[in-house]
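Dear colleague,

I am handing over the structure we spoke about, and below it you will find my notes on what turned up when I went through it. Please read them with the coordinates open beside you.

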Amino acid sequence: MTATTNSAQDVDVLIVGGGIAGLSLASELAGRCRVALVEAEPSLAYHTSSRSAQQLIPSYGPPPVQALTRRTLEVLADAADGAGRRLVWPSRFMLVGSRADVESEAHEGMRALTREEAARLVPALRPAAFEAAALDTDSVRVDAAALLAFHEERARSRGVGLHVGSAVHSAQRVGEGWLVGAGAEGFHAANVVNAAGAWADDVAILFGVERLGLQPYRRSAALVSLAAPLDPDTPMVAAADGTWYFRPDPAGALVSPSESEPSRAEDAVPRPGDIEAALALIRSVADLDVTGIVRAWTGLRTSPQDGLPVLGFDPEGPGFFWLAGQGGYGFQTSSAMAEAAAAQLLAGPEALRTGTSPVSETQRALDPHRLSVRS
């Protein structure tokens, strides 16, 4: 069906994409303006958002990402689900590897450890198998499913229409807004938010907006069973050269080869041997007695060439707003990104140009103008 002005629902903001970015924004805007969200898949958070490592690390990523992470942790510090269970809790993060790699990857706030100290915190580690270690004590674990459900419930309860199985198939600029067809629905929206993850550039094309060069990258992981369980308080451990990580899980352990390989936008799946190769590398450093692979999956981490997320009104497409390119920082920046996006959408593009709406240096670093060939 193609949307028509007679059948279209009038909204102030139409969000395209039902992952953590889109749901966080829907939750943030709920009750403040008329909002609808459309998701192409049959359920929300169908792709990468359902495949998160669930670790939020303040020292991870470039400075703008670290600033967004700190704010997100502030927002989520006291958040709880409907049963009163906390959504985040302390969970330490450790880097191990060569001295050069650890020094290169350990950010401010991480504490250097001796190999013996590292092995005391993670008894499975063999001190002779690595040269150096560093510990982040400010990182937290997030219950990703509970956080997604939290945002979904808040959005629904405050009147946001959440439409699954509703891929955008038509879009045209009409007057001061957009006329959009998505699934069997039609929308007339003052603003459209592109929160489509790996498909963000494809969505831009549908709206006649310049692509920003957002590239999806593969990242696989698996839950494995262990002969001897890890202490639940065991830190997440990652190779400083980026070749693997593992952390405790009720199933045994979560492991990943930490690959970052270009991919097309797709429902990615693990390739034969990827998880086994990661386990071989982990076993070269740690004594994990893996008894089987419970479940394996692959997500797509999408980012532009400079590695920073994109947040803001498009430089050439009136009423078209980017909320994409979060790479591996989606959950840990989600609340801060939603706050910033909501503030800009409610103020409008003119507020930024005229200086009537203050913009932080972090937000300026994410502005899509930096990626446009026409800017």
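I begin with Pro-304, which lies in the loop between strand E18 (290–303) and strand E19 (310–313); please bear in mind throughout that this is a predicted model. Pro-304 is buried, because its relative accessible area of 3% falls under the 20% cut-off. Leaving out residues up to four places away in sequence, Pro-304 touches Gly-213, Leu-214, Val-310, Gly-325, Arg-370 and Leu-371. Ala-221, by contrast, is not in that list of contacts, and the C-alpha atoms of Pro-304 and Ala-221, which are 83 residues apart in sequence, lie 23 Å apart in space.

The overall picture

The protein has 10 helices and 20 strands. Its radius of gyration is 21 Å, close to the 21 Å that the globule rule gives for 375 residues, so the protein is as compact as a globular protein of that length. Taken along the principal axes, the box filled by the C-alpha atoms is roughly 70 × 40 × 40 Å. Of the 375 residues, 54% are buried, and the accessible surface comes to about 15,900 Å², with 50% of it belonging to carbon and sulfur atoms. If one takes the contacts between residues at least 6 apart in sequence, 73% of them join residues at least 24 apart.

Leu-226, Leu-288 and Asp-289

These three residues are best read together, since Leu-226 touches both Leu-288 and Asp-289. Leu-226 is found in strand E13 (residues 215–226), whereas Leu-288 is placed in the loop between helix H7 (274–283) and E18, and Asp-289 lies in that loop between H7 and E18 as well.

Is Leu-226 buried or exposed? With a relative accessible area of 15%, Leu-226 is buried, and Leu-288 is likewise buried, with a value of 6%. Beyond the two residues already named, the contacts of Leu-226 include Ala-251, Gly-252, Ala-253, Val-290 and Thr-291, with residues up to four places away in sequence not counted. For one of these partners, Gly-252, the separation along the chain is 26 residues, while the C-alpha atoms are 5.1 Å apart in space.

On its side, and again not counting residues up to four places away in sequence, Leu-288 touches Ala-124, Leu-226, Leu-230, Phe-246, Ile-282 and Arg-283. The C-alpha atoms of Leu-288 and Leu-230 are separated by 9.0 Å, and the two residues are 58 apart along the chain. Asp-289 is in contact with Ser-225, Leu-226 and Ala-227, once its neighbours within four places in sequence are left aside. Asp-143 is absent from those contacts; Asp-289 and Asp-143 are 146 residues apart in sequence, and their C-alpha atoms are 26 Å apart.

Helix H1

In helix H1 (residues 20–29), 9 of the 10 residues are buried, so this helix is largely enclosed by the rest of the structure. The buried residues of H1 are Ile-20, Ala-21, Gly-22, Leu-23, Ser-24, Leu-25, Ala-26, Ser-27 and Leu-29. Just after H1, Gly-31 takes a positive phi of about 85 degrees.

Backbone at Ser-258

Most residues other than glycine have a negative phi. Ser-258, however, has a phi near 55 degrees, which is a positive value in a residue other than glycine. Ser-258 is placed in the loop between strand E16 (252–256) and strand E17 (261–262), and with a relative accessible area of 11% it is buried.

The second largest pocket

What is the volume of the second largest pocket? It is about 310 Å³. The lining of this pocket consists of 19 residues, and those nearest its centre are Arg-141, Pro-232, Pro-248, Asp-249 and Pro-250. Sorted by class, the lining has 9 nonpolar, 4 polar and 6 charged residues. Strand E4 (88–90), strand E8 (140–142) and strand E15 (245–249) each supply at least two residues of the lining, and among the contributors E15 gives the most, with 3 residues.

With best regards

Definitions and conventions. Residues are numbered from 1 along each chain as its sequence is written. This is a predicted model: local features need pLDDT of at least 70, side-chain atom pairs count only at pLDDT 80 or more; totals for chains, interfaces and linings use all residues. Side-chain values use heavy atoms; hydrogens and water are left out. On a 1 Å grid over the protein atoms alone, a cavity is a set of points where a 1.4 Å probe fits but cannot get out, and a pocket is an open set with protein on both sides within 12 Å along at least five of seven lines; lining residues have an atom within 4 Å of a point. Grid points are joined across faces, edges and corners, and a volume is the space filled by probe spheres set on the points. Helices (H or I, at least four residues) and strands (E, at least two) are DSSP runs, numbered from the N terminus. Ala, Val, Leu, Ile, Met, Phe, Trp, Tyr, Cys and Pro count as nonpolar, Asp, Glu, Lys and Arg as charged, and the others, Gly among them, as polar. The radius of gyration is taken over C-alpha atoms; the globule rule is 2.2 Å times the number of residues to the power 0.38. Buried means under 20% relative accessible area, exposed over 50%, partly exposed in between (1.4 Å probe, protein chains only). Contact means heavy atoms within 4.5 Å. Accessible areas come from the Shrake-Rupley method with a 1.4 Å probe; for residues, only the protein chains shown count as cover.
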